[in-house]
Amino acid sequence: MPGPEGRRLHVVAAVLEDAGGRVLLTRRTEGRDLAGAWEFPGGKLENGESPAAGLARELHEELGIAVDPADCSPLIAVPFAYADKRILLDVFRITRWEGAPRGLESQALAWAPPERLHRYPMPPADRPVIAALRQPGCYPITPEPGDDHAAFVERIERLLTAGWRRIQLRARRLDRDALRPLAAQVAARCREAGAELLLNGDIALARELALGVHLRADQLPGLKRRPLPEGQPVAASCHDADELARAEALGVDFAVLGPVRPTASHPGAAPLGWDGFAALRERTTLPLYALGGLRPDDIAEARRHGAQGVAGISAFWPPAR
């Protein structure tokens with residue numbers, strides 16, 4: 001999706017959460033772009049406004065509620081290119097306000113449980129926001145298992161104990177017969193912890209074990225449809241706009257994009273930098289993890305450039321005991 005050139009519109013939006021965890025959505029009225037779509041409430045910044053102050057103003061004008069800008073917590077800033085404009089959707093999470101929200105501009109309101117947000121038709125730029133709300137911010141990737149599988153599984157258990165809930169098992173040097181028992185053992189640990197496990201590249205074994213699959217970039221051109229049913233996560237590694245477009249056309253659930261910084265795992269690849277990452281972020285609705293020379297504490301920086309979170313190997317893998 002090429003998108004227009006020129007300056008981005010800075011749009012602010014709120015994830016308003018009530019005491020039960022429900023999220024407020026508003027419906028775009030007739031006569032506006034994307035009329036009928038549901039969205040997170042907010043609007044365009046005025047000259048000289050800070051994002052939090054502008055959001056507080058918009059929420060007062062649209063919903064009649066009073067919000068202290070200090071109570072606006074940054075969630076994600078999504079750059080996106082529509083056919084006729086480029087926007088930066090700057091989203092904040094808010095759990096405190098005064099007054100009862102009501103549609104002062106004749107817009108319909110709905111309080112949606114987080115797990116049902118994806119059922120509402122929304123503008124394309126909002127899809128990554130839902131992912132940032134509901135899905136893990138870190139995506140650790142395992143190194144090759146080596147010969148000591150017991151030690152490898154023990155380190156997986158440490159990842160799960162630390163709270164990781166989405167893991168990629170990357171074992172490209174093992175044949176399927178050797179990988180099968182290891183993957184089954186790791187999968188059992190992940191299920192007990194309520195975590196997702198995706199196998200790197202092996203679609204057939206993922207089907208057999210009812211796991212997710214993480215597609216390599218070189219697999220994308222050979223696939224004509226999503227390789228696993230809904231409910232089994234499918235991800236893809238991407239490095240440029242063409243690969244992102246192929247991944248989105250296949251219906252993957254998320255993608256990993258990089259390298260953002262120089263990294264030993266991609267020694268010949270020119271790093272995108274955060275500006276390059278954001279430029280590619282504009283072209284897809286997919287939730288994206290940033291990859292390449294990053295650490296778990298880079299999540300906030302990644303989300304400022306539209307990433308769901310960060311992925312990696314060495315900085316995420318626990319040290320040997």
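A charge counts as sitting over a ring if NZ of Lys or CZ of Arg is within 6 Å of the ring centre and within 35 degrees of the ring normal. In this predicted model, Lys85 and Tyr82 fit that bill: the charged end of Lys85 sits over the Tyr82 ring, 5.9 Å from the ring's centre.

Turning to ring–ring contacts, a search of the whole structure turns up nine aromatic pairs. One of them joins Tyr139 and Tyr289, with 5.4 Å from centre to centre and 35° between the planes, a tilted arrangement. Tyr139 belongs to strand S8 (residues 138–140) and Tyr289 to strand S14 (residues 288–291), so this pair ties together parts of the chain that are 150 residues apart in sequence. As for solvent, Tyr139 comes out at 0% relative accessibility and therefore counts as buried; Tyr289, also at 0%, counts as buried too. The story doesn't stop with two rings, either: ring pairs link Tyr139, Phe254 and Tyr289 into a cluster.

Another pair brings together Trp274 and Phe277. Here the ring centres are 5.7 Å apart and the planes make an angle of 75°, so the pair is edge-to-face. Both residues lie in helix H7 (residues 273–281), where a spacing of three residues amounts to about one turn of the helix. Trp274 has 12% relative accessibility, which is under the 20% cut-off, so Trp274 counts as buried. Its partner Phe277, at 0% relative accessibility, likewise counts as buried.

Note on methods: Residues numbered from 1 in each chain as written. Predicted model: local features only at pLDDT ≥ 70, side-chain atom pairs only at ≥ 80, totals over all residues. Heavy atoms only, no water. Phe/Tyr/Trp six-rings, centres within 6.5 Å; stacked < 30°, edge-to-face > 60°. Helix = DSSP H or I, 4+ residues; strand = E, 2+ residues; numbered from the N terminus. Buried < 20%, exposed > 50% of the residue type's maximum accessible area, 1.4 Å probe, protein only.
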